[in-house]
Amino acid sequence: MRAPGSAAVLYRAVTMTEFKPGLEGVVAFETKIAEPDREGGALRYRGVDIEELVGHVPYEKVWGLLVDESLEPGMPDPEPYVLESPSGNAPSDLQSATARLSSEWKLGKLVDIDDDQARDDLARLSATMMSIVAQSARGADRPPVPDDVVEQGDTAAEKFLLRWRGEADPRHVKAIDTYWICTAEHGLNASTFTARVTASTGADCGAAMSAAVGALSGPLHGGAPARVLPMLDEVASTGDPAAYVRDLLDRRGRIMGFGHRVYRAEDPRSGILKRTAKELESPRFEVAEALEEAALAELQRRKPDYVIATNVEFYSAVVLDVADIPPDLTPAMFACSRVAGWAAHILEEKRTGRLVRPSARYVGPPARSLESVG
Ligand code: COA
């Protein structure tokens with residue numbers, strides 16, 4: 001007869017020996033915030049479809065939905081903060097300045113503070129991180145925009161643009177607000193995982209947020225829209241999207257902005273961003289649509305059994321271009337939107353989590369003497 005609990009022991013033993021490169025398919029946490037709906041191609045924040053949010057509530061209320069499960073009060077206005085010596089590298093400014101806020105604001109460790117305090121720390125940090133990116137984008141050469149000018153803005157997107165440029169074109173505001181809402185949260189991506197792992201150690205919220213920024217700064221996570229625009233430029237110059245696609249695929253290249261690790265249907269964010277690019281009369285819309293059509297047709301012809309659809313990066317690039325966002329600023333723009341998802345996950349980790357400490361399988365040299373190392 002088996003001892004009680006032996007099935008669980010056996011199950012643990014089996015799963016512990018499995019190795020999944022990139023942790024693909026491994027369930028590391030349970031969450032009530034959001035998780036992409038693989039087959040249906042929908043994205044819901046706390047159960048609400050993002051289609052219902054875009055154009056109806058501004059980003060700062062979506063922050064409230066994700067973090068507090070309530071639109072009110074939402075993300076507050078940033079506190080007065082001057083970014084010293086912007087470096088010209090927005091993700092680096094953001095990561096270091098956010099880490100410094102931990103000590104400047106004397107943030108308590110997550111293990112030592114209650115949930116309300118953690119929520120308030122995350123709210124202050126989120127708003128101020130947006131201000132940091134705007135000041136970094138403005139650069140060291142221009143004086144900061146006075147606070148009373150920034151305060152004339154109604155929404156977070158407007159205030160962001162005012163702080164950056166001293167003015168906020170309504171088309172740019174709509175482009176940024178839509179992009180931020182569409183990319184505010186997306187389940188357990190690399191930066192959110194990083195934020196949760198850091199939070200699980202009981203570190204303070206500034207440490208968890210700045211760690212997430214570091215993970216996002218890699219081109220495989222936050223930098224893809226920058227690679228879409230050169231592709232559109234090339235197609236615009238030849239005027240032959242089908243030939244461009246055929247040539248790229250013949251060389252075994254990848255068409256940026258197509259395919260997704262999670263979705264096996266159209267990425268729901270792509271349709272919203274496409275609609276927005278059209279409404280905002282993007283000068284690149286026509287060429288983007290022609291390239292999309294050619295890419296989908298050719299990918300379908302070559303891979304009839306594998307769904308490769310348009311992903312979020314393709315029309316994100318077009319929408320951010322409407323707002324005159326330079327490609328090298330796109331990772332920092334992504335970080336601005338993702339502060340909501342990170343804050344929600346850090347809080348959830350504090351409430352429900354456990355120190356994250358997975359295992360690695362040792363495949364190095366067997367035990368040996370120091371002399372044998374040479
Ligand atoms: N262009 C051309 N071929 C593509 C492709 C793309 N965008 N996406 C997938 N494929 C092909 C691969 O070449 C591969 O073909 P093969 O089996 O003949 O080698 C097959 O489809 C499966 O590719 P794989 O990378 O295993 O699929 P995946 O679903 O895990 O890939 C991505 C997801 C995002 C990595 C992939 O679609 C990609 O590289 N896209 C382009 C980059 C991009 O847009 N990144 C942003 C993602 S939000």
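**Exercise 1.** Are Glu348 and Arg196 buried or exposed?

*Solution.* We are working with a predicted model. Start with the contact: Glu348 and Arg196 form a salt bridge, with their closest N and O atoms 2.7 Å apart. Next, place the partners: Glu348 sits in helix H16 (residues 330–352) and Arg196 in helix H9, 152 residues apart. Finally, check the cover: both Glu348 and Arg196 are buried.

**Exercise 2.** Find out which parts of the chain the salt bridge between Asp204 and Lys109 links.

*Solution.* First, the side chains of Asp204 and Lys109 meet at 3.8 Å, N to O. Asp204 lies in the loop between helix H9 (190–200) and helix H10 (205–216), and Lys109 in the loop between H4 and helix H5 (115–138). The two residues are 95 residues apart. Now classify each one: a relative accessible area of 6% is under 20%, so Asp204 is buried. Lys109, at 42%, counts as partly exposed.

**Exercise 3.** Work out how the ligand is held in view of its polar contacts and its cover.

*Solution.* Begin with the backbone: a polar backbone atom of Ile255 is 2.9 Å from a nitrogen atom of the ligand. A backbone N or O atom of Phe258 lies 2.8 Å from a ligand nitrogen. Then turn to side chains: an N or O atom of Asn311 is 2.9 Å from an oxygen atom of the ligand. The protein covers 70% of the 860 Å² of accessible area that the ligand has on its own. To finish, sort the shell by class: 7 nonpolar, 5 polar and 6 charged residues.

Definitions and conventions. Residues numbered from 1 in each chain as written. Predicted model: local features only at pLDDT ≥ 70, side-chain atom pairs only at ≥ 80, totals over all residues. Heavy atoms only, no water. Polar contact = N/O pair within 3.5 Å; in protein donor to acceptor, adjacent residues only side chain to side chain. Areas by Shrake-Rupley, 256 points an atom, 1.4 Å probe, with all protein chains shown as cover. Nonpolar A, V, L, I, M, F, W, Y, C, P; charged D, E, K, R; others polar. Salt bridge = Lys/Arg side-chain N within 4 Å of Asp/Glu carboxyl O. Helix = DSSP H or I, 4+ residues; strand = E, 2+ residues; numbered from the N terminus. Buried < 20%, exposed > 50% of the residue type's maximum accessible area, 1.4 Å probe, protein only.
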